[in-house]
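Visitor: Could you take me through one part of this structure slowly, keeping to the places where charged side chains pair up? I am a first-year student, and I would like to see how each step of the reasoning is made.

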Amino acid sequence: LVSSPAQASRTKQAQQQQAEVTMTTAESVAQTLSQLCPAFAQSCPYARALETKASTSEPASSTTSSESLLLNEISTCPPFREHRCAFKDDPAVLEVLRKQLELHRHASKNPSDGCPVFSSPQGCPFKDCSSDLLAQARLCPKFANGCPFKLMCSNGELLVAALRARRWDQLFGITGSVHESAKGAVGATTVSDGELANALKEGTKRVHALAERASFVTKFRKGEISREVYAQLLLRLYYVYRCMERLLEECSASHPTLATLHFPKQLNRTESLSRDLTFFLGEDWELHATPSPVVLSYRAALESCAKRNPIMLVAHAYTRYLGDLSGGQIIKRMAKKTLGLDVDEGTQFYCFENIDDGRHFKQLYRTRLDNLPLQPGEVDALVEEANLAFLLNVNIFQEILDEPLSELPTPTLSTLPVPAGHPAIAGAASGAQCPFLAQSKTNASSPKAVGGTCPVHNPNIMIPIGVLLFALLIFLFW
C-alpha cells in the first residue's frame, strides 16, 4: 500500500509528539532524581563512569577500573555510602535477582542465538505454519475439543499404558499376544538359592508383564469394563482367596516357617470381597454363584501346594497380597473413576484397614521372605510356583472376556504329591517322598530300584517304559 503525502505528514507529526512526550518524561525523572539523590545532583553517575572509562582508553576486557569509578560515583548517595549495596540484604530484591538469573539462563538457550533463521525479523519459522495447521485441524470433528492424540494412542489405548507396556517389551524382549508369550514365560528365568524376595521379583518379571498387557487390564484402563464384568472378576477372586486363606490358616498351625508369613489380620481379603460382591450383586449373590473352570484350576494348584510342600503357598500369597498392596491401589482409583463409585463402596477389596503404612508393611514382608529357612532348591521351586500364580491370574482375565486361555506348565514328576496312606510310604525312610527312593535305601537289589535310583525318576529307565507304552497303544488301536 502507498500512503498519501497527507498521511505521511500526520504520521511524522505523531512520531514527533511521542518523542517530545518521552523526552519530557525523561527530563522530569532526571530532575526529580537530581533533587532527591546527591549522586544525581550533577548528572547521571552511570553516564559519568562510562565517559571516564572512554576517555582513559580502557581495554574492553578490563572492568575493574570502570566498576571502581561507578562505585565512587554512586557512593555519594547515602544508601550506598562506604561502597555498600543498599539492596544486598533485601530478600525481595534477592528474589528478583534470582528470577532474572533464571530468565537469563533460559534466554541463552533461545533458538535465535546463533541461528540466522530464528534471528530473522520474521521470528519463528513455524509460527505461521502451526497457526494455519491449527485452524485447519479445528474443521475436523476429532480436533474440535483439542488434539485427540495428546492422551490416547491411535488404537484407543491410554498413552501412559502403551508406553509402560512397550517399556516391558524392550526390557524383556516380549513379542506377540499374551496368549502366545505365555508359553515361554514360566521357567524362562533360572534363579539360584539366595534372597527370596529379589528372586521372586526378578524371576517373575516376564510373566508379570504378560499380566499387565492382558486385554482385561487394557480395557479397564480405557474405561470399557462395566460393573457387571468387574463383579465377575471379584467373584473369581473371592473363591481363590477363600481357598488360599483357608489353606494358609490350616498349614501355618503345623508349619512354623510358613507361619512367619501368615498375617490374617492385616491381609485376609475374603470378607472384604464378600462385601464388594454384596454391593454389586445383592445380598443373595452366594446362592447363585459357582466357581468357574479357571477358579477350579487355581484352587487345585493351591491344594497341590498344601499337600506336597506347604511352603509353596508363599508364592501364591506373595503374588496376590503384594500385588494388591501395590498395583491394586492404582486399580482401586481406576475402578472408582470408571465405575462411578463413591467413597470406598465396591472397592473394599483394596482397603487394608489394619495396615497403617503399606510401604513399611511390604518391606517387612520381603524381609520375612529373605529370612525363611529354605531347603536347597526351594527358591527356584517358589519362583516357578509364583510364575504359575501369575498365569492363573491371567487366565482369570481371559476367561471373563471369553478369550483363549494361556497354557499352564505341566508339573514335573518330582513335584507331584504322593498320595497319603500309600502302602509304599509306610516303610519309607524318614523324610523320603518317593517310595522307590525309600526302598533303594533299604534294599538296593530290589527290582524297583535299578542302580540305586527310582525307576520313574531315572531317565535311562523312562525311555524303555515309554517305548512299551507306545507299543501298547498301537496294539490297542490297530
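Guide: A salt bridge is counted where a side-chain nitrogen of Lys or Arg lies within 4 Å of a carboxyl oxygen of Asp or Glu. Please keep in mind throughout that this is a predicted model. With that cut-off, Lys-332 and Asp-344 form a salt bridge, since their closest N and O atoms are 3.4 Å apart. Lys-332 belongs to helix α18, which covers residues 327-338, while Asp-344 sits in the loop between α18 and α19 (358-370), so the pair ties together parts that are twelve residues apart in sequence. The two partners can also be described by their accessibility: buried means under 20% relative accessible area, and partly exposed means between that value and 50%. Lys-332 has a relative accessibility of 15% and therefore counts as buried, whereas Asp-344, at 25%, counts as partly exposed.

As for the general idea behind such pairs, side chains of opposite charge can pair when their charged atoms come close.

The structure holds eleven salt bridges, and a few others are worth setting beside this one. The side chains of Arg-242 and Glu-286 meet in a salt bridge with an N to O distance of 3.5 Å. This pair links distant parts of the chain, with Arg-242 in helix α11 (residues 227-254) and Glu-286 in helix α15 (residues 285-288), 44 residues apart. Arg-242 has a relative accessibility of 35%, so this residue counts as partly exposed, and Glu-286, at 40%, is likewise partly exposed.

Another salt bridge joins Glu-202 to Lys-205, whose closest N and O atoms are 3.2 Å apart. Here Glu-202 is partly exposed, with a relative accessible area of 34%, and Lys-205 is partly exposed as well, with a relative accessible area of 23%. Salt bridges can also be joined up into a network, as they are for Lys-219, Lys-222 and Glu-224.

To return to the place where we began, the salt bridge of Lys-332 and Asp-344 brings together a residue of helix α18 and a residue of the loop that follows between α18 and α19. When you look at this pair in the model, you can find the buried partner, Lys-332, and then trace the contact to the partly exposed partner, Asp-344.

Methods. Residues numbered from 1 in each chain as written. Predicted model: local features only at pLDDT ≥ 70, side-chain atom pairs only at ≥ 80, totals over all residues. Heavy atoms only, no water. Buried < 20%, exposed > 50% of the residue type's maximum accessible area, 1.4 Å probe, protein only. Helix = DSSP H or I, 4+ residues; strand = E, 2+ residues; numbered from the N terminus.
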